[in-house]
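Biologist: I have a structure open and want to learn how to read it. Can you take me through the features one by one?

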Amino acid sequence: MDALTMLTAEKPVVIFSKSTCCMSHTVKALINGFGANPAMIELDKLPNGQQVERALVQLGSRPGVPAVFIGQQFIGGADELISLNVQNKLAQLLLKAKAIFIWGR
């Protein structure tokens, strides 16, 4: 878990993904649409990527990627993020984490 804490501490939005995962790209596009700039951590390009992915699965990420953290809090994967967006709650999370500063929709 310490590896996850270190990797998510630097940016308000962190997305763990694999370079070939289309849902990870979709999640990034959704967050970019709000004006946020998420950090993308490609597990298939990290030497300890499998270890990090196991930690994500232990945290509840099913499947392992994409796994989204906003404000150092684990949000979940694509389903959870899209659900938050449909409920108009995603913008508030991004504002609270200071990933965006203005949202007027």
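Modeller: We will go through the sheet, the helices, the cores and the cysteines in turn. Keep in mind that this is a predicted model.

Biologist: Let us begin with the sheet. How many strands form it, and in what order?

Modeller: Read a sheet by listing its strands from edge to edge. Here 4 strands form an open sheet in the order E2-E1-E3-E4, with mixed pairing. Strand E2 (39-42) and E4 stand at the edges. Each has a single partner strand, so one side of each has no neighbour in the sheet. Neighbouring strands are turned by 25° against each other on average, direction ignored.

Biologist: Which helix packs on the sheet, and which strands does it touch?

Modeller: Helix H2 (residues 22-32) packs on the sheet. It touches strand E1 (13-17), E2 and E3. The direction of H2 makes about 165° with that of E1. H3 lies across E1, E3 and E4, and runs at about 75° to E3.

Biologist: Now the pairing of E3 and E4. How do these two strands run, and how many bridges join them?

Modeller: Strand E3 (residues 67-70) and strand E4 (residues 73-76) run antiparallel, joined by 3 bridges. Follow the partners across. Val68 stands opposite Gly76 in E4. Ile70 has Gln73 in E4 as its bridge partner. The hairpin of E3 and E4 has 2 residues between the strands, and Gly71 takes a positive phi near 60° there.

Biologist: Back to the helices. Which residues of H2 are buried?

Modeller: Look for the side of the helix that faces inward. The buried residues of H2 are Ser24, Val27 and Ile31. They cover an arc of only 60° around the axis, which puts them on the same side of H2. They pack against E1, E2, E3, H4 and H5.

Biologist: Ser24 caught my eye. Why does Ser24 count as buried?

Modeller: Because its relative accessibility is 1%, and buried means under 20%. The contacts fill in the picture. Setting aside residues up to four places away in sequence, Ser24 touches Phe16, Ser17, Lys18, Met40, Val65 and Pro66.

Biologist: Which residues of H3 are buried, and which exposed residues sit on the face turned away?

Modeller: In helix H3 (residues 49-59), Gly49, Val52, Glu53, Ala55 and Leu56 are the buried ones. Their arc around the axis is only 155°, which puts them on the same side of H3. The face turned away from that buried side carries the exposed residues Gln50, Arg54 and Gln58. Just after H3, Gly60 takes a positive phi of about 120°.

Biologist: And Thr8. Is Thr8 buried or exposed?

Modeller: Thr8 belongs to helix H1 (residues 2-8). Its relative accessibility is 4%, so Thr8 counts as buried. Not counting residues up to four places away in sequence, Thr8 touches Val14, Phe16, Phe69 and Gln72.

Biologist: Next, the interior. How many residues does the largest nonpolar core have?

Modeller: To read a core, ask how many residues join up, then which elements supply them. The largest nonpolar core has 17 residues. Those with the most contacts inside it are Val27, Ile31, Val68, Ile70, Leu81, Leu90 and Leu94. E1, H2, E3, helix H4 (78-86) and helix H5 (90-96) each give two or more residues to this core. Apart from it lies another core, of 13 residues, among them Leu4, Val14, Ile41 and Ala55.

Biologist: What does Val68 touch?

Modeller: Leave out residues up to four places away in sequence. Val68 then touches Val14, Ile15, Val27, Ile31, Gln73, Phe74, Ile75, Gly76 and Leu81.

Biologist: Last, the cysteines. Why is there no bond between the sulfurs of Cys21 and Cys22?

Modeller: Check the sulfur distance before anything else. A disulfide needs the two sulfur atoms within 2.5 Å. The sulfur of Cys21 is 5.8 Å from the closest cysteine sulfur, in Cys22, so it is too far for a bond. The count therefore comes to 0 disulfides.

Biologist: Which of the two is buried, and which is exposed?

Modeller: Cys21 counts as buried, at 16% relative accessibility. Cys22 is exposed, with a relative accessible area of 56%.

Terms used. Residues numbered from 1 in each chain as written. Predicted model: local features only at pLDDT ≥ 70, side-chain atom pairs only at ≥ 80, totals over all residues. Heavy atoms only, no water. Buried < 20%, exposed > 50% of the residue type's maximum accessible area, 1.4 Å probe, protein only. Pairing = 2+ DSSP bridges. Contact = heavy atoms within 4.5 Å. Arc of directions from axis to C-beta. Axes fitted to C-alpha atoms, helices over the stretch in contact; angles between N-to-C directions. Core = buried A, V, L, I, M, F, W, Y, C linked by side-chain atoms within 4.5 Å.
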